[in-house]
Number of protein chains: 2
Amino acid sequence: MVQYRETRLDASFAALSDATRRGVLEQLGRAEASISQLAGKFHMTLTGMKKHIGVLERAALVTTEKAGRVRTCRLGVRALEAEATWIEGHRELWSARFDALDKIVEHLKSKERADARRKNR
Amino acid sequence: MVQYRETRLDASFAALSDATRRGVLEQLGRAEASISQLAGKFHMTLTGMKKHIGVLERAALVTTEKAGRVRTCRLGVRALEAEATWIEGHRELWSARFDALDKIVEHLKSKERADARRKNR
DNA sequence: TCTATACTGAACCATCCGGTTCAGTATAGC
DNA sequence: GCTATACTGAACCGGATGGTTCAGTATAGA
């Protein structure tokens with residue numbers, strides 16, 4: 001039996017799974033932008049881009065603010081923090097296993113070398 | 001104009017966007033397991049779990065090997081490496097911005113304090 | 001006031017997703 | 001050889017996704 005309900009992570013990883021949205025994040029990392037600017041840059045209709053922004057906003061990766069006609073998009077504060085934490089937590093698991101594997105391989109190699117020396121004597 | 005085609009990342013983030021699959025990764029971090037064992041643990045049909053494993057395998061997060069009737073699943077070597085790299089690369093961007101923000105806030109605060117002192121004089 | 005711009009929302013479409021059932025194949029063990 | 005187990009594959013289902021068009025509202029600026 002396993003606990004598996006972390007909807008915030010669901011939303012963010014889903015948001016990150018689209019190359020256009022990762023591109024938007026990259027873009028917003030350089031400078032804030034309006035929806036129509038982003039739509040232009042990614043060759044997409046305004047409506048299409050607005051949907052992407054909606055996804056990023058729901059995942060709290062982006063925040064937006066409307067002034068007059070223009071909605072300006074910015075990177076969300078604390079964005080990617082939870083995701084990085086999750087991944088790093090699990091990388092530790094992996095790393096431990098790799099280290100163990102490395103040691104075994106190293107051990108085998110040194111044994112091999114010893115055997116070779118013995119043979120050449 | 002922006003480059004946005006990195007299908008490997010697409011696949012992994014999509015794989016990670018499902019809580020069941022994240023659970024499976026966690027589980028496989030503790031011990032390797034057969035598909036039916038995983039299916040049992042996550043209250044799902046064999047077929048359903050097999051699909052999840054397929055997704056994880058295509059994202060190279062998991063590898064499997066069939067011996068006799070049983071297909072054993074293990075964490076993939078180098079799993080999560082690319083994903084962590086991407087996220088960390090972008091967190092740097094964020095961090096830089098946060099640091100800048102922190103400085104501004106700090107500046108405003110100290111100014112506020114100075115104003116308060118001046119007023120109280 | 002008129003017009004161009006910027007967004008918003010509804011509706012539609014094809015495709016994918018998470019899950020199922022059901023029918024099949026292959027192997028372990030008596 | 002028989003049977004239970006473990007997987008595989010096809011087909012189906014409802015709902016989400018990524019995109020569009022079209023029609024609307026609101027605001028900036030001449």
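This report describes how the protein chains surround DNA strand C in a predicted model, and how confident the predictor is along chain A.

**Surroundings of the DNA strand**

Around DNA strand C there are 21 residues, and the closest of them are Ser36(A), Arg69(A) and Arg71(A) from one chain, together with Lys51(B) and His52(B) from the other. Of the atoms of DNA strand C that come within 4 Å of the protein, 65% belong to sugar and phosphate. By character, the residues of this surface comprise nine charged, eight polar and four nonpolar ones. Chain A supplies at least two residues of the surface from each of α3 (35-41), α4 (46-58) and β3 (70-75), and α4 (46-58) of chain B likewise supplies at least two.

Three side chains of chain A have an N or O atom at the following distances from an oxygen of the strand.

| Residue | Atom of DNA strand C | Distance |
|---|---|---|
| Arg71(A) | phosphate oxygen | 2.7 Å |
| Thr47(A) | base oxygen | 3.2 Å |
| Lys50(A) | phosphate oxygen | 3.4 Å |

**Confidence along chain A**

The mean pLDDT of chain A is 77, with 68% of its residues reaching 70 or more. Within this chain, confidence is highest in α3(A), at 97, and lowest in helix α5 (residues 81-120), where the mean is 54. Over residues 98-115 of chain A pLDDT stays under 50, and the model has four contacts beyond four places in sequence for them; over residues 1-5 of chain A pLDDT also stays under 50, and there the model has eight such contacts. Where pLDDT is low, predicted coordinates should not be read in detail.

Conventions: Residues are numbered from 1 along each chain as its sequence is written. Chains are lettered from A and ligands numbered from 1 in the order in which they are written. This is a predicted model: local features need pLDDT of at least 70, side-chain atom pairs count only at pLDDT 80 or more; totals for chains, interfaces and linings use all residues. Side-chain values use heavy atoms; hydrogens and water are left out. A residue is near a molecule or strand if one of its heavy atoms lies within 4 Å of it. A polar contact is a pair of N or O atoms within 3.5 Å; within protein, one must be able to donate a hydrogen and the other to accept it, and residues adjacent in sequence count only if both atoms are side-chain atoms. Helices (H or I, at least four residues) and strands (E, at least two) are DSSP runs, numbered from the N terminus. Ala, Val, Leu, Ile, Met, Phe, Trp, Tyr, Cys and Pro count as nonpolar, Asp, Glu, Lys and Arg as charged, and the others, Gly among them, as polar. pLDDT is the predictor's confidence in each residue, from 0 to 100. Contact means heavy atoms within 4.5 Å.
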